[in-house]
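Me: I would like to go through the charged side-chain pairs of this protein. Please reason briefly and finish each reply with what was asked for.

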Amino acid sequence: MFFLTTGNGTVEVLSYPSLRPLDTLMAHTAGCYCIAIDPVGRYFAVGSADSLVSLWDISEMLCVRTFTKLEWPVRTIGFNYSGDFIASASEDLFIDISNVHTGRTVHQIPCRAAMNSVEWNPKYNLLAYAGDDKNKHQADEGVFRIFGFKNA
């Protein structure tokens with residue numbers, strides 16, 4: 001299957017490789033900006049302009065949980081290597097990391113500006129993130145950081 005987010009709050013499910021329409025999921029009340037599939041293949045998640053992240057069961061095509069910690073449109077989401085945690089970011093000044101199974105936040109990474117991208121390491125709980133940060137003079141400056149290393 002091929003999943004395509006739309007600006008009208010739906011996710012189009014297409015067959016692959018023919019790209020023939022299979023289903024249209026009413027996912028959110030506003031445009032859907034990002035989508036991620038967990039590496040185990042159980043779930044996919046959709047981030048939206050309504051500030052919500054919805055978690056969907058792939059086999060049933062049903063929404064099983066909604067993550068509500070962000071207050072701005074969701075720009076980026078990603079599952080960790082085991083599919084147990086999901087990171088989501090927006091213009092909020094933090095990245096939310098939640099447990100997929102309980103929906104509870106397990107950690108929030110403080111940020112000084114909006115984040116545009118999150119990506120987990122494929123083998124370890126290390127999260128790379130990039131965004132529109134500010135330097136010490138408050139001038140725009142892109143940032144790339146990695147969260148999850150243990151302190152020496």
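**Salt bridges in the predicted model**

Me: At 29% relative accessibility, does R42 count as buried, exposed or partly exposed?
Reply: The model is predicted. Buried requires under 20% relative accessible area and exposed requires over 50%. R42 has 29% relative accessibility, so R42 counts as partly exposed.

Me: Which residue forms a salt bridge with R42?
Reply: R42 lies in the loop between β4 (32–37) and β5 (43–48), and its partner lies in the loop between β8 (76–79) and β9 (85–89), 42 residues apart. The closest N and O atoms of the pair are 3.9 Å apart, and the cut-off is 4 Å. The partner has a relative accessible area of 26%, so this residue is partly exposed as well. The residue that pairs with R42 is D84.

Me: How far apart are the closest N and O atoms of E91 and R75?
Reply: E91 is in the loop between β9 and β10 (94–99), and R75 is in the loop between β7 (62–67) and β8, 16 residues apart. E91 is partly exposed at 36%, and R75 is partly exposed at 30%. Their closest N and O atoms form a salt bridge at 3.5 Å.

Me: Which residues are joined into one network by salt bridges that share partners?
Reply: R75 forms a salt bridge with E91. The side chain of R75 also meets D132 in a salt bridge, at 3.6 Å from N to O. D132 sits in strand β13 (residues 127–134), 57 residues from R75. Shared partners therefore join into one network R75, E91 and D132.

Me: How many salt bridges does a search of the whole structure find?
Reply: One salt bridge pairs D84 with R42. Others include E91 with R75 and R75 with D132. For the whole structure, the search finds three.

Technical notes
Residues are numbered from 1 along each chain as its sequence is written. This is a predicted model: local features need pLDDT of at least 70, side-chain atom pairs count only at pLDDT 80 or more; totals for chains, interfaces and linings use all residues. Side-chain values use heavy atoms; hydrogens and water are left out. Helices (H or I, at least four residues) and strands (E, at least two) are DSSP runs, numbered from the N terminus. Buried means under 20% relative accessible area, exposed over 50%, partly exposed in between (1.4 Å probe, protein chains only).
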